[in-house]
Amino acid sequence: MNKKLISCAAATALMALVVASCDKSQPQVEAASETKQAPTELRIAYVESDSIVNQYQFCKESTLDLEKKSQNIQNTLAAKEKELNAAAANFQKKYESNGFSSREEAASQQAAIQRQSNDLQALQARLTNEIQQKTEEYNKALHDSVQHFLAVYNKDKKYTLILTKGGMVDNILYADKAMDITNEVIAGLNKAYKPAKKAEEKTEKAEKK
């Protein structure tokens, strides 16, 4: 999984984020039979999802982390595959030169190579599943952090809808730039973001005291 694929996955996850935040200052309807009144003023804003993926510090750090994990997986699998190919080539060479003392010995070594191949397939499946889970966790954390920030941000702004624009799927055909709140959102997200390592360091210092 390369950086482009990871970024696309994050952008796609953000495209699913459509926040409908009605004005919380309006009185809530208590009676179930009553119909909730629509806002008298429709206020809409949008956020460029690609910009969040590229400029939100959490996204940049998480993308690098996923890239490193993905590269480590590729290196591990490549090394295991090289070992398997070497074992298979050695078996073939020994078999063709009648290097085995018996059929049983040849069958035993062939079975060992098959087990090695099966182990490699199982390892590949496990590591692939691990990176997919990490990517899903990252996308969920990204979605949650943006949604949480917008909920707080919108208490004062009081937008009726905040939409995402850009990414792999863009359902907004036209949008006035005056409705673009991307820079405000990115600045707020980065201000609120606390890297996991720094948070751990603060906790450790507090515990030592």
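Biologist: At what angle do H4 and H5 pack, and how far apart are their axes?
Modeller: This is a predicted model, in which local features need pLDDT of at least 70 and side-chain atom pairs count only at pLDDT 80 or more, while totals for chains, interfaces and linings use all residues. Residues are numbered from 1 along each chain as its sequence is written, and side-chain values use heavy atoms, with hydrogens and water left out. Helices (DSSP runs of H or I, at least four residues) and strands (runs of E, at least two) are numbered from the N terminus. With axes taken as lines fitted to C-alpha atoms, for helices over the stretch in contact, and angles running from 0 to 180 degrees between N-to-C directions, H4 and H5 pack at about 115 degrees, with their axes 10 Å apart.

Biologist: Which residues of H5 meet H4?
Modeller: Contact here means heavy atoms within 4.5 Å. On the H4 side the residues are Ser145, Val146, Phe149, Leu150, Tyr153 and Lys157. Their partners in H5 are Glu184, Val185, Gly188 and Leu189.

Biologist: Which element gives the most to the largest nonpolar core?
Modeller: The largest nonpolar core (buried Ala, Val, Leu, Ile, Met, Phe, Trp, Tyr and Cys residues joined through side-chain atoms within 4.5 Å) has 31 residues, and Ile52, Tyr56 and Leu189 are among those with the most contacts inside it. Two or more residues come from each of strand S2 (44–48), helix H3 (57–96), helix H4 (103–157) and helix H5 (182–192). The most, 12 residues, come from H4.

Biologist: Which residues does Leu189 touch, leaving aside those up to four places away in sequence?
Modeller: Leu189 belongs to the residues with the most contacts inside the core. Three of its partners, Ser145, Val146 and Phe149, are also H4 residues that meet H5. In full, Leu189 touches Ser145, Val146, Phe149, Ile52 and Tyr56.

Biologist: How far apart are the end C-alpha atoms of H4?
Modeller: The expected span of a helix is 1.5 Å times one less than its number of residues, so the 55 residues of H4 should span 81 Å. The model agrees with this, since the end C-alpha atoms of H4 are apart by 80 Å.

Biologist: Which residue just after H3 takes a positive phi?
Modeller: H3 has 40 residues and reaches 58 Å from its first C-alpha to its last, close to the expected 58 Å. Its buried residues (under 20% relative accessible area, with a 1.4 Å probe and protein chains only) include Phe58, Leu66 and Phe91. Just after H3, a positive phi of about 55 degrees is taken by Asn98.

Methods:
Buried means under 20% relative accessible area, exposed over 50%, partly exposed in between (1.4 Å probe, protein chains only).
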